[in-house]
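Colleague: I am new to reading models like this one. Could you take me through it in short steps?

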Amino acid sequence: MERSADVEQRQISNEARLIRGVFRAAGVAAGSVVRGGQWAVGTGYEVTREIAQAALDGESSADIAERTGNALRSIARSALGVTEGSVREIVSYVPTPNGGGGSTPQPQQQALVIGQNLRSASSQELRRRGDALLARSADVYFTEDVHPAYDRILDELAPDEARILRFMALNGAQPAVDVRTNRPLGIGSELVQGDLTSVPEQAGVRYPDRSRAYLINLNRLGLTRTSDDPVVLSRYMVLEVQPSVEAALKKAGRAPKIVRKSLRLTEFGEDFCRTCFTIAT
């Protein structure tokens, strides 16, 4: 007579083989490709999307393997109602960085934790991520609805900066000025204050004292740019009597020079606003 433990193990193995076949037939099975120490895990659409994002975020192979195993456990339990033992066997062939399955992954390299994201600390890991992007670019079945940077940019925006972007998306290019000292023929002219604009105040920011930092951050993210092309001349009349501009003019001394420019959304910024904000036109 067979021991109860042997019967249970055989049942688990039969369930696992059956479910693996279901995963493969449905395109949800976990598969790995090992090329020169690089590997990728493919699952169903939602799982694939999650794993791909993890790779872009710089998670290590060990972390991705663990994430894949957890995803498969969730699929098996919720959709197929199998036992915990079967689930463990199903995910036992998800590879670890050492090439094995089911064992606790061992860290292979040092990483830096910045905020909530794991960042690579070695050129080898950066190269791996870059090669993974190239591989995805060659995959005709891979689709991406929006630019992957948009999600991260939203995390790096202050609420006031979102107001500035919405204002510019609705109203277009805005006047900006540089205040310089005035010298004959412009020789030796010095910049006193640059890129002065009233956009933050017009957008209704809650913290006007942070306006300069807001504009610097938006420029850093590639959402706005300062252009030498001016807007309609009459629009500078209000800007040039603002306290910040008047203070710069006073600092510039006798007969200061005003250089009229404009603040604009970049093409990247325009698409970001269309994608990430509900803007009534």
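Colleague: Which residue in E6 is the bridge partner of arginine 180?

Modeller: This is a predicted model, where local features need pLDDT of at least 70, side-chain atom pairs count only at pLDDT 80 or more, and totals for chains, interfaces and linings use all residues. Residues are numbered from 1 along each chain as its sequence is written, and side-chain values use heavy atoms, with hydrogens and water left out. Strands (E, at least two residues) and helices (H or I, at least four) are DSSP runs, numbered from the N terminus. In E6, arginine 180 has as its bridge partner leucine 191.

Colleague: How many bridges join E5 to E6?

Modeller: Two strands pair if DSSP finds at least two bridges between them. E5 and strand E6 (residues 191-196) run antiparallel. The number of bridges joining E5 to E6 is three.

Colleague: Which residue in E8 stands opposite arginine 180?

Modeller: E5 also pairs with E8, in the antiparallel sense, over seven bridges. Opposite arginine 180, in E8, stands lysine 257.

Colleague: Why is strand E5 largely enclosed by the rest of the structure?

Modeller: Buried means under 20% relative accessible area (1.4 Å probe, protein chains only). Strand E5 covers residues 174-180 and is largely enclosed because, of its seven residues, the number buried is six.

Colleague: Which element gives the largest share of the largest nonpolar core?

Modeller: A nonpolar core is a set of buried Ala, Val, Leu, Ile, Met, Phe, Trp, Tyr and Cys residues joined through side-chain atoms within 4.5 Å. The largest one has 20 residues, and Leu157, Ile164 and Phe272 are among those that touch the most other members. Elements giving two or more residues include helix H7 (159-171) and helix H12 (267-276). The largest share is four residues, from H7.

Colleague: Which asparagine is leucine 157 in contact with, leaving aside its neighbours within four places in sequence?

Modeller: Contact means heavy atoms within 4.5 Å. With those neighbours left aside, leucine 157 touches Leu165, Leu218, Leu221, Leu223 and Phe272. The list also holds an asparagine, Asn217.

Colleague: What pLDDT does the chain average?

Modeller: pLDDT is the predictor's confidence in each residue, from 0 to 100. In this chain, 56% of the residues score at least 70. The average is 74.

Colleague: How many contacts beyond near neighbours in sequence does the stretch 25-43 have in the model?

Modeller: Over residues 25-43 the pLDDT is below 50. Where pLDDT is low, the predicted coordinates should not be read in detail. For the stretch 25-43, the model's count of such contacts is 38.

How values were computed:
Buried < 20%, exposed > 50% of the residue type's maximum accessible area, 1.4 Å probe, protein only.
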